[in-house]
Amino acid sequence: MIPKSIYSKKSRLKLLIIVVALVIGGATVIYTNLLVAKLSEREQQLIDLYAKGLRYMGNAEIDSDNLVFVQEEIIDANRSVPVILTDEQENVLAYKNLTIPEKISETRKKALLQREVAKMKTQHKPIVVAYQDDFRNYIFYKDSELLTQLRYYPYVQLTVIACLSLIAYYAFSYSRKAEQNRVWVGLAKETAHQLGTPLSSLMAWYEYLKASPRFENEPIVEELGKDVRRLEIITERFSNIGSVPVLKDEPLLRVVENAIGYLRNRVSQKVAFYVETEFDPETTAKVNIPLFEWVIENICKNAVDAMEGKGSITLRLTKSNTKGAIALDIQDTGKGIPKSKQEEVFLPGYTTKKRGWGLGLALARRIIENYHQGRLYVRASEVGKGTTFRLVLNK
């Protein structure tokens, strides 16, 4: 039996990875926001100094020795923050660090600059530059390209990390599924191979006993023949795993009844089987009979175990919500499955029994989904009352 803890450990590992990713992402956002705040403060100081420089130049004497210094070291020092200088009516007087096409008309240029002024108003309150002659100018400005990029950088980074994580997750899942498939196929083929030799011997012994006068009319010989034929079916099932099974239109009600007919004689007599249909008895679905019967047997055997050998199992052919499909509900009166375990029961190794490998439902789902392109899931379950599994098949 495969320990159930393997899957709980995997879940805890996934949760740990998610938590670590969230911590790294959160730390990145917080640190970047701190950098943005510092850069924004620096740009604010730069614009304030720019405004003071303009005010000084407007109020200074023409031959002031400081004009050159103010022009070169303060006004021209702003090489990153986009600014627009306007008069009191917001007519553009000058602009800096804006990308404006050169070969455009003055009307077009004026319209572009006015749009920039409108954008800048939404980001920052304009700075008033008051002069001695009792008139004013206004400085409009917006965040530099570097600050804008830095503001959105963590979100771009998180998006890239998320995309890479998804790619890695799907690549890992595909690799794991491929590995699991190889294990399933190898196990199935080896089992079929190992059954081949003793089965051939049993078939020879059966033919010998059937032809011997000593065992004429002996019921045990006929029962032995049934079991030999049963072993042939089992060997065929294992041989089909890993191969592309041939799906044929088969009368589904007859297939279900044949599978249940075999089980009735091999489980507790206190278990009652009922087969019902909402369709015409000859309604067909595309199935591979040996594999499909195996699915029914696995689900029903699990149901018998859940009922502890006493109760009823109802198999009902009914309509499916999927267009062009038919559903088979298998309902038991067993212990039921808690909602938190309704997907876990299909994992290889999951079992509540002291003995067993926990492969029955995992194999059943693989046969339905991989080989029949259908679905197998827990349709309904209530602890203490029973469970209904639903198989969806293509007509």
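Reader: How many of the 6 residues of strand 4 are buried?
Author: This model is predicted. Strand 4 covers residues 136–141. The rest of the structure largely encloses strand 4, because the buried count among its 6 residues is 5.

Reader: Which residue in strand 4 is the bridge partner of Thr86?
Author: Start with strand 1, residues 83–86. Strand 1 and strand 4 run antiparallel and are joined by 4 bridges. In strand 4, Thr86 has as its bridge partner Tyr138.

Reader: Which residue in strand 4 does Val128 stand opposite?
Author: Strand 3 spans residues 127–130. Strand 3 is joined to strand 4 by 4 bridges, and the two run antiparallel. Across from Val128, in strand 4, stands Tyr138.

Reader: Which residue in the turn between strand 3 and strand 4 has a positive phi?
Author: Strand 3 and strand 4 form a hairpin. Between the strands lie 5 residues. The phi in question is about 60 degrees, and the residue is Asp134.

Reader: How far apart in space are Ala130 and Arg55, C-alpha to C-alpha?
Author: Ala130 is found in strand 3. In sequence, Ala130 and Arg55 are 75 residues apart. In space, C-alpha to C-alpha, their separation is 6.7 Å.

Reader: Is Ala130 buried, exposed or partly exposed?
Author: The relative accessible area of Ala130 is 38%. Buried needs a value under 20%, and exposed needs one over 50%. Ala130 meets neither cut-off, so it is partly exposed.

Reader: How far apart are the end C-alpha atoms of helix 7?
Author: Helix 7 holds 18 residues, 289–306. At 1.5 Å a residue, helix 7 should span 26 Å. The model agrees with that, because the end C-alpha atoms are apart by 26 Å.

Reader: How many of the 18 residues of helix 7 are buried?
Author: Buried means a relative accessible area under 20%. Helix 7 is largely enclosed by the rest of the structure, because the buried count among its 18 residues is 13.

Reader: What is the direction of helix 7 relative to helix 8?
Author: Helix 8 covers residues 360–371. The axes of helix 7 and helix 8 are 9 Å apart, and the packing angle is about 150 degrees. An angle over 145 counts as roughly antiparallel, so helix 7 relative to helix 8 is roughly antiparallel.

Reader: Is the crossing of helix 7 and helix 8 left-handed or right-handed?
Author: These two helices pack with axes 9 Å apart. Where helix 7 passes helix 8, the crossing is left-handed.

Reader: How is helix 6 set relative to helix 7?
Author: Helix 6 covers residues 252–264. The axes of helix 6 and helix 7 come within 10 Å and cross at roughly 50 degrees. That angle fits none of the roughly parallel, perpendicular or antiparallel ranges, so helix 6 relative to helix 7 is oblique.

Reader: Is the crossing of helix 6 and helix 7 left-handed or right-handed?
Author: The axes of helix 6 and helix 7 come within 10 Å. The crossing of this pair is right-handed.

Reader: Is Glu308 buried or exposed?
Author: Glu308 lies in the loop between helix 7 and strand 8. Its phi is positive, about 55 degrees, although Glu308 is not a glycine. Its relative accessible area is 62%. That is over the 50% cut-off, so Glu308 is exposed.

Reader: What is the phi of Gln373?
Author: Gln373 sits in the loop between helix 8 and strand 10. Gln373 is not a glycine. Even so, its phi is positive, at about 50 degrees.

Reader: How many of the 9 residues of strand 11 are buried?
Author: Strand 11 covers residues 386–394. Strand 11 is mostly covered. Of its 9 residues, the buried count is 8.

Reader: Which residue in strand 11 stands opposite Ala325?
Author: Strand 9 covers residues 325–332. Strand 9 and strand 11 run antiparallel, joined by 7 bridges. Opposite Ala325, in strand 11, stands Asn394.

Reader: Which residue in strand 11 is the bridge partner of Ala380?
Author: Strand 10 covers residues 375–382. Strand 10 and strand 11 run antiparallel, and 7 bridges join them. The partner of Ala380 in strand 11 is Thr388.

Reader: Which residue takes a positive phi in the hairpin of strand 10 and strand 11?
Author: This hairpin has 3 residues between the strands. The positive phi is near 90 degrees, and the residue that takes it is Gly384.

Note on methods. Residues numbered from 1 in each chain as written. Predicted model: local features only at pLDDT ≥ 70, side-chain atom pairs only at ≥ 80, totals over all residues. Heavy atoms only, no water. Expected span 1.5 Å × (residues − 1). Buried < 20%, exposed > 50% of the residue type's maximum accessible area, 1.4 Å probe, protein only. Pairing = 2+ DSSP bridges. Axes fitted to C-alpha atoms, helices over the stretch in contact; angles between N-to-C directions. Parallel < 35°, antiparallel > 145°, perpendicular 65-115°, else oblique. Left-handed = near helix turned anticlockwise from the far one by under 90°.
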